[in-house]
Amino acid sequence: MKDKRTAFDKLNTVLFGKDLRITKGDVYPTVREYDYSSYCPEEKYIRNQTLPKNNVYDIRSFGASTDRSDNADAINTAICLASETGGTVLISGGEYVSTTVYLKSDITLFIERGSAIVSNRTGEGYNHKGIIHADGCENITLTGGGKVKGNGEYFGLKPLADSNMTSHPEVIDVIQMRRDARAQLRFAHKSKYGGPLYFKNCKNVRADNFIIENAAHWSFRIENCDGVEIKNFLINNNRHVANADGFDIAGTSNITIEHCFVSTADDGICIKNAIWLGNKAPMKNITVRDCEVCSCANSFKIGTETTYGISDVTVEDCSFFMCDIYPGTVSGIAIESADGAKVSNVKVKNIKMDRVTCPVFIRLCNRNRAALVTADSANAVEFGKKKKKGGTVTKDTFDMLGEVRDIYIEGITADNAEIPVTVAGFKQNGRVKCVENVTLRDFDIRYAPYKEVYDRRSFIPEYADVYPEVWRFRNLPAYALWARHVRGLKLLDFNCTLPKSTWKEKIITEDVN
């Protein structure tokens with residue numbers, strides 16, 4: 001790879017904003033080397049549990065069998081009866097293929113370690129609700145140490161790249177990095193059905209000692225819920241199945257995610273709050289603690305789908321990293337408001353990172369997606385449909401309302417970084433909106449030991465109305481911090497080692513105080 005672009009090379013970078021997306025072809029179920037992380041410490045998070053003995057509804061008593069092609073009727077019958085008595089539904093004795101299972105209130109779903117509920121390989125019978133679905137329920141527990149398996153490879157197309165990339169090139173080039181990442185993705189086949197777990201409008205949900213494996217879409221979707229506790233939970237996905245997020249928390253308040261491991265292709269832990277997702281009000285009181293995340297996108301992210309407020313978020317004592325494959329994680333901490341949301345009071349403390357390209361990305365912009373999409377059209381492409389014009393609300397409903405303020409991040413240790421910490425508001429149609437009150441304290445960033453492509457530009461575009469991702473800014477002219485349109489930025493004990501290249505400055509600010 002060249003470390004300096006010719007005039008012709010620079011002309012080709014105009015295509016950077018046009019995303020590579022494979023949309024045609026057959027299902028590609030082959031598991032490639034390094035699709036799954038070599039580091040997956042199941043013993044650290046999952047334990048053996050004694051089988052329950054009282055008030056138990058064993059699905060085999062209702063006709064479930066590991067030989068059947070669909071055990072949904074047997075499992076749903078057990079669930080209905082258990083709900084009447086506050087009982088436990090037992091999944092034991094192997095793997096049971098099933099279409100959608102509908103949970104009810106006042107039950108425990110106990111999947112024994114070594115057993116599983118498994119999706120079929122056709123995608124038929126799910127209606128995008130996922131393998132296990134709960135809507136309007138209370139007092140649900142998931143436990144047992146067993147799995148929900150999504151067969152993710154059976155719902156994606158063949159990647160453009162012939163094999164997974166494991167070696168870093170000699171030169172850091174964000175443009176090529178992004179292209180390489182997308183070339184390895186298995187974009188959605190039209191048969192894609194949804195994800196393993198989808199909880200909506202629920203209260204008092206507890207998941208302890210549970211595994212999701214090989215999701216085809218969002219792994220654990222938690223939408224408009226209140227009072228959720230997740231711990232000792234492991235998500236181990238194919239790292240190249242597109243849109244396979246780990247935890248997706250949408251419109252949900254009072255949630256704790258503690259001592260969990262996530263390895264996945266898309267965002268590891270993602271907080272959303274958007275009207276087209278069916279969210280209706282601000283969300284708050286979100287805690288993430290003592291988690292390990294191996295993500296090909298963002299380890300922890302607020303956004304991108306954000307119209308309503310998100311506040312009082314704590315992330316602490318976590319490890320974010322990438323092993324085995326190239327590129328590394330896009331961002332370790334991404335805090336974004338793109339569609340009108342007020343994001344505030346976010347505290348991050350004691351995070352270790354390795355091979356995370358950008359340690360921290362804080363972004364306020366004005367994509368205003370609610371004026372462009374509906375609930376059906378937002379994910380149309382991911383489920384084999386064509387996008388339709390039209391939005392959920394009028395253009396001015398959320399236009400220019402977004403805020404990102406009161407962000408405190410302390411104790412970040414990052415090895416092999418490749419993009420500076422980035423903090424950016426925006427200027428659009430003559431108006432400026434700034435990120436406000438950001439403190440970055442006790443940072444120790446060690447840059448990756450590679451040359452960087454010489455990509456000096458006369459100006460950095462605002463990118464105010466597009467998908468907010470740090471890769472979008474390309475090869476920024478700073479290596480430690482790049483900030484624009486910020487009010488109240490504090491750096492305390494902020495250290496970054498000098499990379500091999502020397503054309504970049506350590507810190508660059510524009511319209512910042």
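**N254 and R355**

I looked up N254 first, in what is a predicted model. N254 counts as partly exposed because its relative accessibility is 35%. I placed N254 in strand β16, residues 253-264. Its phi is positive, about 60 degrees, although N254 is not a glycine.

I then turned to R355. Here too phi is positive, near 60 degrees, in a residue other than glycine. R355 sits in the loop between β23 (342-354) and β24. Is R355 buried or partly exposed? I noted 21% relative accessibility, and buried means under 20%, so R355 counts as partly exposed.

**Cis peptide bonds**

I checked omega next. The bond from G303 to T304 is cis, with omega near 10 degrees. T304 belongs to strand β20. I also logged a cis peptide bond between Y326 and P327, where omega is about -5 degrees. P327 falls in the loop between β21 (310-321) and β22 (329-337).

**Strand β26 and its partners**

I went to β26, residues 421-424, and asked which residues lie on each face. V421 and V423 are on one side, T422 and A424 on the other. All four are buried, and both faces of the strand are covered.

I followed the pairing in both directions. With β24 (residues 356-364), β26 pairs in the parallel sense over 3 bridges. F361 stands opposite T422 there. With β31 (residues 478-496), β26 again pairs in the parallel sense, over 4 bridges. Which residue of β31 is the bridge partner of A424? I found R484.

**Helix α4**

I asked how far α4 is enclosed. Of its 10 residues, 8 are buried, so the helix is largely enclosed by the rest of the structure. I listed the buried ones as V174, I175, M177, R178, D180, A181, R182 and A183. These pack against β10 (171-172) and β24. I recalled the helical repeat: with 3.6 residues a turn, residues three or four places apart point the same way.

**Largest pocket**

I looked for open space next. A probe the size of a water molecule, rolled over the atoms, shows where empty space is left. The largest pocket holds about 1300 Å³. Its lining counts 48 residues, and those closest to the centre are D19, R21, R182, N243 and Y467. I asked which elements give two or more residues to this lining. They are α4 (174-183) and β20 (298-306). β20 gives the most, with 4 residues. I sorted the lining by type and got 21 nonpolar, 8 polar and 19 charged. I saw R182 twice in these notes: as a buried residue of α4 and among the residues closest to the pocket centre.

**Second largest pocket**

I repeated the search for the second largest pocket, where the space is about 570 Å³. Its lining has 25 residues, with H128, Y198, R221, A375 and N379 closest to the centre. The elements giving two or more residues are β7 (132-135), β11 (197-200) and β13 (220-223). β11 supplies the largest share, 3 residues. I counted this lining as 9 nonpolar, 9 polar and 7 charged.

**Largest nonpolar core**

I asked which members of the largest nonpolar core touch the most other members. Among its 120 residues they are L103, F220, F233 and I409. β31 contributes the largest share of this core, 10 residues.

I took I409 further. Leaving aside neighbours within four places in sequence, I409 is in contact with I333, I335, V348, V360, I362, T439, L440, R441 and F443.

**D465**

I ended at D465, in the loop between β30 (451-452) and β31. Its relative accessibility is 49%, so D465 counts as partly exposed. Which residues does D465 touch, beyond those up to four places away in sequence? I found N366, R367 and Q428. I also checked D465 against K44, 421 residues apart along the chain. Their C-alpha atoms are separated by 42 Å.

Conventions
Residues numbered from 1 in each chain as written. Predicted model: local features only at pLDDT ≥ 70, side-chain atom pairs only at ≥ 80, totals over all residues. Heavy atoms only, no water. Buried < 20%, exposed > 50% of the residue type's maximum accessible area, 1.4 Å probe, protein only. Pairing = 2+ DSSP bridges. 1 Å grid on protein atoms, 1.4 Å probe; cavity = no way out; pocket = protein on both sides within 12 Å on 5 of 7 lines; lining within 4 Å. Points joined across faces, edges and corners; volume = space filled by probe spheres on them. Nonpolar A, V, L, I, M, F, W, Y, C, P; charged D, E, K, R; others polar. Core = buried A, V, L, I, M, F, W, Y, C linked by side-chain atoms within 4.5 Å. Contact = heavy atoms within 4.5 Å.
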